Amino acid sequence: MKNNNVRNVVAIGIGTALYVVLSFIYIPLGAIPNTGLMPSLSIIAFFSAVFGPVVGAAIGLIGQLIYSLITGGVWWSWLFPMAIPAIAIGLFKGKYNVKEGGFGGRQIAVFNIAQVIGNAIAWAFLAPVLDILIYSEPANKVFLQGIGAFVGDIIVMGVLGTILLAAYSKVSGKSAGLKKED
């Protein structure tokens, strides 16, 4: 159990650092203000699928908080929903067979269903509602941003997250078959 806790803390540290660095890569969606593609979200997807919901949620929350503080301020209504896709993905960690080298068609489908549901709850519902409740933002504006974020995030997690997990699974599966020589 102790090794597992240490491993999770190390994973949170590494994942958070990667998330913050990759957050500076931002591709605006153009027509929807303050909304864009963020490759850093693939880090949340990857770590959630490999280490579970607590590690993924911690990376999303801590990483986004650090990035927000560096770039000028925290938008709380968009910080807290970061945990939702991580939790959704991480809850099915045992179904992905990533560490065993079995991240294939069925596992990819389960991963993507989980991330789409988590992103829908976070960005198409929770973030806009919190924007309205906390900041009195206009509903039409924040729901448009939420839908834009939802679409962008499912693309990033679906493409980059799937690629990262498939590559890791391939390498991890090969190394799992290694045996110690006498």
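Which residues do ring pairs link into a cluster? They are Phe46, Phe47, Phe51 and Tyr168. Keep in mind that this is a predicted model, where local features need pLDDT of at least 70 and side-chain atom pairs count only at pLDDT 80 or more, while totals for chains, interfaces and linings use all residues. Residues are numbered from 1 along each chain as its sequence is written, and side-chain values use heavy atoms, with hydrogens and water left out.

**Aromatic rings**

- Searching the whole structure turns up ten aromatic pairs. Here, rings of Phe, Tyr and Trp (its six-membered ring) pair if their centres lie within 6.5 Å; planes under 30 degrees apart are stacked, over 60 edge-to-face, and the rest tilted.
- Phe46 and Phe47 make an edge-to-face pair, with 5.3 Å from centre to centre and 85° between the planes.
- Both of these rings belong to buried residues: Phe46 has 12% relative accessibility and Phe47 has 7%. (Buried is under 20% relative accessible area, exposed is over 50%, and partly exposed is in between, using a 1.4 Å probe and protein chains only.)
- Trp75 and Tyr135 are stacked, because their ring centres are 4.2 Å apart and their planes sit at 20°.
- Trp75 is in the loop between helix 3 (53-71) and helix 4 (76-79), while Tyr135 is in helix 6 (residues 105-135), so this pair ties together parts 60 residues apart in sequence. (Helices are DSSP runs of H or I with at least four residues, strands are runs of E with at least two, and both are numbered from the N terminus.)
- Trp75 is partly exposed at 40% relative accessible area, and Tyr135 is also partly exposed, at 24%.
- Back at the cluster, Lys99 lies over the face of Phe51, 5.3 Å from the ring centre. A charge sits over a ring if NZ of Lys or CZ of Arg is within 6 Å of the ring centre and within 35 degrees of the ring normal.

**Helix 2, wrapped up**

- How many of the eleven residues of helix 2 are buried? Eleven of the eleven are, so helix 2 is largely enclosed by the rest of the structure.
- Among those buried residues are Leu41, Ile43, Ile44, Val50 and Phe51.
- Right after helix 2 comes Gly52, with a positive phi near 105°.

**How the helices pack**

- Helix 2 (residues 41-51) packs against helix 5 at an angle of about 35°, with the axes 8 Å apart. (Axes are lines fitted to C-alpha atoms, for helices over the stretch in contact, and angles run from 0 to 180 degrees between N-to-C directions.)
- At this spot, Ile44, Ala45, Ser48 and Ala49 of helix 2 meet Ala86, Ile89 and Gly90 of helix 5. Contact here means heavy atoms within 4.5 Å.
- Helix 5 (residues 83-90) also has a partner in helix 6: their axes come within 8 Å and cross at roughly 155°.
- That angle makes helix 5 roughly antiparallel to helix 6, a label for angles over 145 degrees.
- On the helix 5 side, Ile84, Pro85, Ala88 and Ile89 do the meeting, and their partners in helix 6 include Phe111, Gly118, Trp123 and Leu126.

**Two residues to look up**

- Leu37 is in strand 2 (residues 36-37) and is partly exposed, with 22% relative accessible area.
- The C-alpha atoms of Leu37 and Ile27 are 5.0 Å apart, although the two residues are ten places apart along the chain.
- Not counting residues up to four places away in sequence, Leu37 touches Ile25, Tyr26, Ile27, Leu29, Gly152 and Val156.
- Ser68 belongs to helix 3 and is buried, at 7% relative accessible area.
- Leaving out neighbours within four places in sequence, Ser68 contacts Gly73 and Val74.

**Positive phi in the loops**

- Most residues other than glycine have a negative phi.
- Asn97 is not a glycine, yet has a positive phi of about 55°. Asn97 sits in the loop between helix 5 and helix 6 and is partly exposed, at 29% relative accessibility.
- Ser136 is not a glycine either, and has a positive phi of about 55°. Ser136 lies in the loop between helix 6 and helix 7 (139-176).
- Is Ser136 buried or exposed? Ser136 is exposed, with a relative accessible area of 63%.

Technical notes:
Angles under 35 degrees count as roughly parallel, over 145 as roughly antiparallel, 65 to 115 as roughly perpendicular and the rest as oblique.
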